[in-house]
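Colleague: Could you take me through one part of this model up close? I'd like to start with a single helix and then see what else is around in the fold.

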Amino acid sequence: MPEGPELHLASLYVNEVCDGVVFTGAVRKSEVSKCPDVPFTCEAYRITATSRGKEVKLTLTPIKSADSKRTVKSGQADQAMDVVFRFGMSGYFRFSAEDELPKHAHLRFYTKEKSCRVLSFVDTRRFGSWQPSGTWQRDRGPCVMFEYSSFRENVVSHLSDRVFDRPVCEVLLNQKYFNGIGNYLRAEILYRLNIPPFVSARSVLESLEVQDSLEKEKAVKHSITGKKKSDKVKEEDETSDLLRMCHMVPLEVVNLGGKGYDPAKADYSGFMSWLQCYAVEGMNCLQDHNGRTMWFKGDPGPMVPKGSRSTRAKILVKKERNDDNADKKKVARSRSESTLKKRPIKQEVTEIKAKDASLSEAGSKKRKTGKTAEETKPRRSRNSGEKAAAGSQRRSGRIAKQNSK
DNA sequence: CGTCCACGTCTAC
DNA sequence: TAGACCTGGACGG
């Protein structure tokens with residue numbers, strides 16, 4: 001799931017598995033890949049990684065052997081090289097035995113071990129890419145997670161840019177300003193703040209410009225008067241501010257992974273239960289102007305694309321209601337609270353029904369009753385598309401039906 | 001079997 | 001604002 005958090009977890013994974021490991025020889029590319037060769041060959045080198053938004057940079061560092069000063073054989077690197085990766089829709093890193101290379105391992109780094117292991121860039125769909133001797137892509141903004149203040153400054157100082165005329169849900173995918181946000185994060189972020197996806201980005205953000213400058217003034221005053229800087233306004237900003245959420249929400253995902261993240265033993269159940277809106281049963285969705293599925297709850301806002309289908313997107317997550325027929329007031333309340341505190345409250349209302357490492361369930365029915373209102377009336381195109389999805393990767397496990405409760 | 005869908009960019013009309 | 005770029009899983013017939 002390559003958005004900012006997954007790219008960052010990938011960099012942690014590389015640093016962990018490559019710690020103390022010596023690599024050797026050439027970097028090898030799959031036959032089928034159209035990405036450039038990586039012209040780096042070295043008798044002994046190490047690999048480290050960093051991430052920024054939706055990119056990961058590997059640094060290949062030659063190990064200088066004490067004695068051989070000029071034994072730089074021809075074609076052997078003596079300089080470090082950076083390789084910058086973008087993951088497309090399906091990229092990830094995996095460290096495995098040489099004889100257990102994953103399918104679609106398109107770029108490979110070989111260890112100098114008796115029974116050799118391989119760090120692979122795996123990318124089923126091949127939308128990912130890498131750049132040898134690479135740098136962070138120009139035109140991508142600061143990382144929403146790890147360069148927060150410059151990220152914020154970059155947005156606030158460019159609010160007159162016409163891109164902010166567009167619906168906020170589409171602007172959130174603009175990596176020039178929101179490097180690291182992707183399709184599931186935009187849904188989760190807007191959902192938590194109850195911001196309709198199809199309102200202009202500037203209308204949501206322009207109040208921040210004022211707030212930010214007020215903050216600065218206040219900071220100055222405080223530094224003069226020596227007052228404390230916590231007042232009510234400030235505290236409200238902590239959670240209601242869209243830019244702050246673009247920082248915090250991805251970090252929550254990073255912290256789900258925590259220690260020992262390993263794509264080999266991918267266990268998405270924690271992630272699935274973390275999702276509150278994206279691909280969650282009962283949420284609405286529409287195609288944005290780029291044909292991407294926007295998940296949301298309630299009012300879509302005025303800038304919905306003409307003729308936008310209420311798509312039949314895949315539902316990956318079913319949450320369970322505990323209360324029999326109490327309904328949605330509760331949900332709404334728990335949601336706004338969830339923004340504030342780490343709540344164990346959430347489980348009281350929603351509970352994922354995911355099996356082990358796999359995703360989730362099957363079909364819902366179309367039940368034509370109630371179904372809230374038709375707040376979204378783009379075009380009555382067939383049933384309001386509910387679908388099933390989810391598959392269990394390895395396990396066969398055909399799961400539940402919609403027994404419910 | 002075929003169709004639709006997927007966590008993202010890219011470039012071309 | 002379309003497509004192109006790809007593979008594969010879920011679902012429908």
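Modeller: Sure, let's look at helix H4. Its buried residues are Asn183, Tyr184, Leu185, Arg186, Ala187, Glu188, Ile189, Leu190, Tyr191, Arg192 and Leu193. Keep in mind that this is a predicted model. "Buried" here means under 20% relative accessible area. That covers 11 of the 11 residues of H4 (residues 183-193), so the helix is largely enclosed by the rest of the structure. Here's a handy rule: an α-helix has 3.6 residues a turn, so residues three or four places apart point the same way. Just after H4 comes Asn194, which takes a positive phi of about 60°.

Now for a strand that is covered too. In S11 (residues 293-296), Thr293 and Trp295 are buried on one side, and Met294 and Phe296 are buried on the other. S11 runs antiparallel to S10 (residues 284-287), and four bridges join them. Leu286, for instance, has Met294 in S11 as its bridge partner. The hairpin of S10 and S11 has five residues between the strands, and Gly291 takes a positive phi near 80° there.

Elsewhere you'll find an open sheet of four strands, in the order S2-S7-S8-S6, with antiparallel pairing. Its edge strands, S2 (28-29) and S6 (91-97), each pair on one side only. S7 (residues 105-110) and S8 (residues 117-123) are joined by five bridges, and Phe109 stands opposite Leu119 in S8. Helix H1 (residues 4-17) packs on this sheet, where H1 touches S6 and S8, and its direction makes about 20° with that of S6.

Definitions and conventions
Residues are numbered from 1 along each chain as its sequence is written. Chains are lettered from A and ligands numbered from 1 in the order in which they are written. This is a predicted model: local features need pLDDT of at least 70, side-chain atom pairs count only at pLDDT 80 or more; totals for chains, interfaces and linings use all residues. Side-chain values use heavy atoms; hydrogens and water are left out. Two strands pair if DSSP finds at least two bridges between them. Helices (H or I, at least four residues) and strands (E, at least two) are DSSP runs, numbered from the N terminus. Contact means heavy atoms within 4.5 Å. Axes are lines fitted to C-alpha atoms, for helices over the stretch in contact, and angles run from 0 to 180 degrees between N-to-C directions. Buried means under 20% relative accessible area, exposed over 50%, partly exposed in between (1.4 Å probe, protein chains only).
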